[in-house]
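The exercises below ask you to work through a single protein chain with its sequence and coordinates at hand. Each task is followed by a solution that proceeds step by step.

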Amino acid sequence: AAQESSFQLFKRGDSNRDGNLYLSDAVASLRFLFLEPAVLLCEDAADANDDGQINITDPIITLSSLFLGSGPLPEPFSEKGQDPTADRLLCAF
């Protein structure tokens, strides 16, 4: 059974937690996936499609939103907020 997500406030896609959505967020997600699993302080923020997992789809969706006009990511996206979806992803702060 899924456990409740952390109640920390975050912005969807903001993997590096600088408050903005940029190319560096997709890079942070890719670093997490392929190089350094410890680089993410908020797993929920890196879950760009809000499916409860962090995988290669998430940085692709982030890049599509940034550069291809695929639309906004799931909330909380426009402002910091809590994850509306129960999953096992956590935020350290």
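**Exercise 1. Confidence**

Task: Establish how the confidence of this predicted model varies, and where the pLDDT is below 50.

Solution: Begin with the whole chain of the predicted model, for which the mean pLDDT is 89, with 91% of the residues reaching 70 or more. Turn next to the helices, where confidence is lowest in α2, at a mean of 94, and highest in α3, at 97. Finally, locate residues 1–6, where the pLDDT is below 50, although this stretch has 19 contacts in the model beyond near neighbours in sequence.

**Exercise 2. A network of salt bridges**

Task: Find the salt bridges in the whole structure, and work out which residues are linked in a network.

Solution: The search rests on a general idea, namely that side chains of opposite charge can pair when their charged atoms come close. Applied to the whole structure, the search finds three salt bridges.

- Step 1. Asp-50 pairs with Arg-12, and the closest N and O atoms of the two are 3.4 Å apart. Because Asp-50 belongs to the loop between α2 and α3 while Arg-12 belongs to the segment before α1, this pair ties together parts that are 38 residues apart in sequence.
- Step 2. Arg-12 also meets Asp-83 in a salt bridge, with an N to O distance of 3.2 Å. Here too distant parts of the chain are linked, since Asp-83 is in the segment after α3 and Arg-12 in the segment before α1, 71 residues apart.
- Step 3. Putting these pairs together, Arg-12, Asp-50 and Asp-83 are linked in a network of salt bridges. Both Asp-50 and Arg-12 are buried, and Asp-83 is buried as well.
- Step 4. Arg-31 forms a salt bridge with Glu-36, in which the closest N and O atoms are 2.4 Å apart. Arg-31 has a relative accessible area of 34% and therefore counts as partly exposed, and Glu-36, at 36%, is likewise partly exposed.

**Exercise 3. The disulfide**

Task: Identify the cysteines that form a disulfide, and decide whether they are buried or exposed.

Solution: A disulfide is a covalent bond between the sulfur atoms of two cysteines. The count comes to one disulfide, formed by Cys-42 and Cys-91, whose sulfur atoms are 1.8 Å apart. This pair links distant parts of the chain, with Cys-42 in the loop between α1 and α2 and Cys-91 in the segment after α3, 49 residues apart. Both Cys-42 and Cys-91 are buried.

**Exercise 4. Backbone geometry**

Task: Examine phi at Arg-17 and at Asp-50, then the peptide bond from Glu-75 to Pro-76.

Solution: As background, most residues other than glycine have a negative phi, and most peptide bonds are trans. Arg-17, in the segment before α1, has a positive phi near 60°; with 17% relative accessibility, under the 20% cut-off, Arg-17 therefore counts as buried. Asp-50 also has a positive phi, near 55°, and its relative accessible area of 15% means that Asp-50 is buried. The peptide bond from Glu-75 to Pro-76 is cis, with omega near 5°, and Pro-76 is in the segment after α3.

**Exercise 5. A nonpolar surface patch**

Task: Name the residues of the nonpolar patch on the surface, and place Leu-23 within the secondary structure.

Solution: The patch is formed by Tyr-22, Leu-23, Val-27, Phe-67 and Leu-68, which together have about 550 Å² of accessible area. Leu-23 lies in helix α1, which spans residues 23–34, and because its relative accessibility is 46%, Leu-23 counts as partly exposed.

Conventions
Residues are numbered from 1 along each chain as its sequence is written. This is a predicted model: local features need pLDDT of at least 70, side-chain atom pairs count only at pLDDT 80 or more; totals for chains, interfaces and linings use all residues. Side-chain values use heavy atoms; hydrogens and water are left out. Patches are made of residues with over 30% relative accessible area and no salt bridge: like charges are joined within 9 Å, nonpolar side chains (Val, Leu, Ile, Met, Phe, Trp, Tyr) within 5 Å. Accessible areas come from the Shrake-Rupley method with a 1.4 Å probe; for residues, only the protein chains shown count as cover. A salt bridge is a side-chain nitrogen of Lys or Arg within 4 Å of a carboxyl oxygen of Asp or Glu. Helices (H or I, at least four residues) and strands (E, at least two) are DSSP runs, numbered from the N terminus. Buried means under 20% relative accessible area, exposed over 50%, partly exposed in between (1.4 Å probe, protein chains only). A disulfide is a pair of cysteine sulfur atoms within 2.5 Å. pLDDT is the predictor's confidence in each residue, from 0 to 100. Contact means heavy atoms within 4.5 Å.
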